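Trainee: I am new to this structure. Please take one part of it, look at it closely, and then show me how the rest fits around it.

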Amino acid sequence: MSDSQQSFDFVHPFESPERVESIPFGDGTIVVGTCGYSYKDWVGPFYPQNIKSNGMLPYYAERFPAVEIDASYYRVPSEATFASMDARTPADFRFAAKLPGTVTHLPPEDIHHVPDDARLFRENIAPLVRSGKLGAVLMQFPHAFAATPRAENYLRSLREELADFPLVAEFRNREWQRNATLELLSELDVGWCNVDEPQFEKLLRPSSDVVGPLAYVRFHGRNYKNWWRGSAETRYEYDYTEEELAPWTERVAEMAAQTKQTYVFFNNHRLGQAAKNAGTFARMLLEGFGG
């Protein structure tokens, strides 16, 4: 190592993030983590400089109790990939997995038939099901997925295709934020995803709704400028303040009081901000609960 590199490391030492533990609450548990873990721009802010890609998940799992798999949105991972995820994480680690976009982001006129990728997803994720590590399957729908009878029937079809899976629905269209939706999800045994995101008129409001035995929260950041026109990188570039997170400690406590398992994931992944904010939020929860 050169003198210049030694000097750089001294000025900017890497500090390993503190472990975020699962948080007991009432009769249940709150787990806090991030949406995705395999990001090159996390090297430095979260991962050590010399980490290899296959070492990211084990390193992450030493510091967080759960993760939401983001890669499954872009393509269905192979069964061997899911088996590798299982093998590289401890027995008490939990995964949430996003359904592929080919299943959730269909043109409105095509939402009457469940694509084959749903079946492939169900088959390939079997290793996580067998190990008991699959905590939830997230169905993230786009803003164009409006609250129509056809969309409701598609939700029913997805439930049939993914029978027995712990499904959670995230809507981006505020039309869905109504009691009728919660009643439908209750009928289908599908959880509701509460979100923090820019407060545009057509997006969902902050909420603390729970349907069934599973509560779910996603923090997307509040990047108003790049939300509609930004890329996947710039849209989620945001660093929460403690003042912004504070109201969510009460909402999460309200959710956790009604359920056995509460998942909280940060999606503002740019430059490792999700990992930092997740750690801060877990600490705030513990302090608020008297931990």
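Mentor: Start with Thr148. Its relative accessible area is 31%, so Thr148 counts as partly exposed. Keep in mind that this is a predicted model. Thr148 sits in a loop, between β5 (134-140) and α7. Now look along the chain to Glu175. Thr148 and Glu175 are 27 residues apart in sequence, and their C-alpha atoms are separated by 9.2 Å.

Next comes Trp176. Where does Trp176 lie? It lies in the loop between β6 and α8. Is Trp176 buried or exposed? Trp176 is buried, because its relative accessible area is 0% and the limit for buried is under 20%. Thr148, at 31%, lies above that limit.

What touches Trp176, once neighbours within four places in sequence are set aside? Thr148 is one of its contacts. Phe145, Ala146 and Ala147 are also on the list. So are Ala151, Glu152 and Leu155. Phe171, Thr181 and Trp192 complete the set. Thus a partly exposed residue, Thr148, is in contact with a buried one. For a sense of distance, take Ile125. The C-alpha atoms of Trp176 and Ile125 are separated by 29 Å, with their positions 51 residues apart along the chain.

Ile125 also serves as a reference for Tyr37. These two are 88 residues apart in sequence and 18 Å apart in space, C-alpha to C-alpha. Tyr37 is in the loop between β2 (28-35) and α2 (56-61). With a relative accessible area of 11%, Tyr37 is buried. Its contacts, leaving out neighbours within four places in sequence, include Trp42, Tyr47 and Tyr60. Met56, Leu57, Val67, Met85 and Arg88 are in contact with Tyr37 too.

Three of those names return in an aromatic cluster. Tyr37, Trp42, Tyr47 and Tyr60 are among its members. Tyr39, Phe46, Tyr59, Phe64, Phe93 and Phe95 belong to it as well.

Rings matter elsewhere too. How many aromatic pairs does the structure hold? It holds 30. Take Phe219 and Trp248 as an example. Their ring centres are 5.3 Å apart and their planes stand at 70°, so this pair is edge-to-face. Phe219 is in strand β8 (residues 214-219) and Trp248 in helix α10 (residues 242-256), so the pair ties together parts 29 residues apart in sequence. Phe219 is buried, at 0% relative accessibility. Trp248 is buried, also at 0%.

Now turn to residues with more cover removed. Glu187 is in helix α8 (residues 179-188). Glu187 is exposed, with a relative accessible area of 53%. Its C-alpha is 9.5 Å from that of Val211, and the two are 24 residues apart in sequence.

Asp164 is another exposed residue, at 78% relative accessibility. It is found in the loop between α7 (149-161) and β6 (167-170). Check its backbone. Asp164 has a positive phi of about 75°, although it is not a glycine. Leu271 also has a positive phi, near 55°, and is not a glycine either. Leu271 is in the loop between β9 (261-266) and α11 (273-288). Its relative accessible area is 42%, so Leu271 is partly exposed.

Step back to the whole. The protein has 11 helices and 9 strands. A compact globule of 291 residues would have a radius of gyration near 19 Å, and the protein agrees, with 19 Å. Its C-alpha atoms fill a box of roughly 65 × 40 × 40 Å along the principal axes. Buried residues make up 52% of the 291. Among contacts with a separation of 6 or more, 76% join residues 24 or more positions apart.

Finish with the surface and the charges. The accessible surface is about 13600 Å², and 50% of it belongs to carbon and sulfur atoms. There are 30 positive and 40 negative side chains. The centres of these two sets lie 3 Å apart.

Note on methods:
Residues are numbered from 1 along each chain as its sequence is written. This is a predicted model: local features need pLDDT of at least 70, side-chain atom pairs count only at pLDDT 80 or more; totals for chains, interfaces and linings use all residues. Side-chain values use heavy atoms; hydrogens and water are left out. Helices (H or I, at least four residues) and strands (E, at least two) are DSSP runs, numbered from the N terminus. The radius of gyration is taken over C-alpha atoms; the globule rule is 2.2 Å times the number of residues to the power 0.38. Buried means under 20% relative accessible area, exposed over 50%, partly exposed in between (1.4 Å probe, protein chains only). Contact means heavy atoms within 4.5 Å. Accessible areas come from the Shrake-Rupley method with a 1.4 Å probe; for residues, only the protein chains shown count as cover. Lys and Arg count as positive and Asp and Glu as negative; His and the chain ends are not counted. The place of a charge is taken as NZ of Lys, CZ of Arg, CG of Asp or CD of Glu. Rings of Phe, Tyr and Trp (its six-membered ring) pair if their centres lie within 6.5 Å; planes under 30 degrees apart count as stacked, over 60 as edge-to-face and the rest as tilted.
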